[in-house]
Amino acid sequence: MSQDLVDLAARANAPTLPFAGLDTLWLQVTGTLCNIACRHCFITCGPKNDSHPMMAREHVLDTLDVARRLGVREYYFTGGEPFMHPHIFDLIDATLQQGPLSILTNGILITEDVAQRLGDLFRRGPYSLDLRVSLDGTTPEENDPIRGKNTFHQILAGGERLLRAGINPVWTVTTVHAAFDDRSEGYARFRSLLEARGFTRPRLKFIPPFLIGREARRSQGYAADDLLQEGDLFEGEEHVLQCGSCRTVTARGVYPCPILIEAQDARMGDHLEGALHPIRLDHPACATCHQEGFSCRT
Ligand code: SF4
Ligand code: SF4
């Protein structure tokens, strides 16, 4: 049997995750457009990749309307880099009228002005606003080969502007370095870096690398037998895995999660209402979520 047929058979035996109800909505507001091109980006984002273009302002606002009717309780903006969107503050404002919002950013475009505007929204918005800033090492030597030249200092500077504006961001670390395999050691190193920069109560989230997109080229990707099989899930796992209660909307349609937007067979259609059903976890990246008990939530 050819390897392709073996893979198809393995995917056909993938488990189905029940759907617990739509609780969380991810909006891929800038699609795959990003101001940098990290070597571990699992959706191959960069300044020239518009395979998922920016969402039009009206598309985001219409989706928010639908989400409110469906009872969504929590929102996330991601990309790409959300602060490249020309209407980002309108979109933040509209979202905060109906629920808490977290924005995932690389921090580089957080100027003093952007930070102050976010600080205002943080203080006066009807719901909470959270920022997640990605940093992949405690030194330029660790971070910059992954995120790009000089990004370590630019990212930290963006986070510091947020702090001065009254927002203590969550620092997200993708554990691409063996140095962070020991989580408690990794947390301790980041805590001491951040405390030295004035973050007296550092917030950290460690994220496993997903071996797809650009990361597949860096790390050789998944092996054929990394797929989940029937019987692998535990009871109630839909309450642990993000895709048990979230959906992601991009300019190109609806997907189960932000991780699989480049997998065309993961696309669930054009409309959120048609995507509220169980899904088969038949992508190798699903094995990472399952093994790590991982959720993209903050
Ligand atoms: S990992 Fe984040 S910051 Fe880096 S290229 Fe991808 S979307 Fe942009
Ligand atoms: S990659 Fe993770 S979040 Fe996405 S569908 Fe698979 S298990 Fe769910």
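Buried here means a relative accessible area under 20%, exposed means over 50%, and partly exposed is anything in between, using a 1.4 Å probe and protein chains only. With that in hand, we can walk through this predicted model, in which local features need pLDDT of at least 70 and side-chain atom pairs count only at pLDDT 80 or more, while totals for chains, interfaces and linings use all residues. Residues are numbered from 1 along each chain as its sequence is written, chains are lettered from A and ligands numbered from 1 in the order in which they are written, and side-chain values use heavy atoms, with hydrogens and water left out.

**Aromatic rings**

A pair of aromatic rings is described by the distance of the centres and the angle of the planes. Rings of Phe, Tyr and Trp (its six-membered ring) pair if their centres lie within 6.5 Å; planes under 30 degrees apart are stacked, over 60 edge-to-face, and the rest tilted. That rule gives five aromatic pairs. One to look at is Phe42 with Phe210: the ring centres are 5.6 Å apart and the planes stand at 75°, so this pair is edge-to-face. It links distant parts of the chain, with the two positions 168 residues apart: Phe42 belongs to the loop between β2 (24-28) and α2 (57-70), and Phe210 to the loop between β7 (203-207) and α8 (214-219). Those labels come from DSSP runs numbered from the N terminus, helices being H or I of at least four residues and strands E of at least two. Phe42 is partly exposed at 26% relative accessible area, whereas Phe210 is buried at 1%.

Elsewhere, Tyr187, Phe190 and Phe206 make up one aromatic cluster. Arg117 lies over the face of Phe89, 4.0 Å from the ring centre (the rule asks for NZ of Lys or CZ of Arg within 6 Å of the centre and within 35 degrees of the ring normal).

**The two ligands**

What surrounds ligand 1? Its neighbours are Cys34, Ile36, Ala37, Cys38, Cys41, Cys45, Gly80, Asn106 and Arg147, where being near takes a heavy atom within 4 Å. By class, that shell has six nonpolar, two polar and one charged residues. Around ligand 2 you find Cys243, Cys257, Leu260, Ile279, Cys286 and Cys289, a shell of six nonpolar, no polar and no charged residues. For these classes, Ala, Val, Leu, Ile, Met, Phe, Trp, Tyr, Cys and Pro are nonpolar, Asp, Glu, Lys and Arg charged, and the others, Gly among them, polar.

**Backbone oddities**

Gly80, one of the residues around ligand 1, is joined to Gly79 by a cis peptide bond with omega of about 15°. Gly80 lies in the loop between β3 (74-78) and α3 (88-96).

Two residues have a positive phi without being glycine:

| Residue | Phi | Loop | Relative accessible area |
|---|---|---|---|
| Asn150 | about 65° | between α5 (140-147) and α6 (151-164) | 46%, partly exposed |
| Gln220 | near 80° | between α8 and β8 (246-250) | 70%, exposed |

**One more loop residue**

Is Thr175, in the loop between β6 (170-174) and α7 (183-196), buried or exposed? Thr175 counts as buried, with 11% relative accessibility. Thr175 and Gly137 are 38 residues apart in sequence, and their C-alpha atoms are 8.8 Å apart in space.
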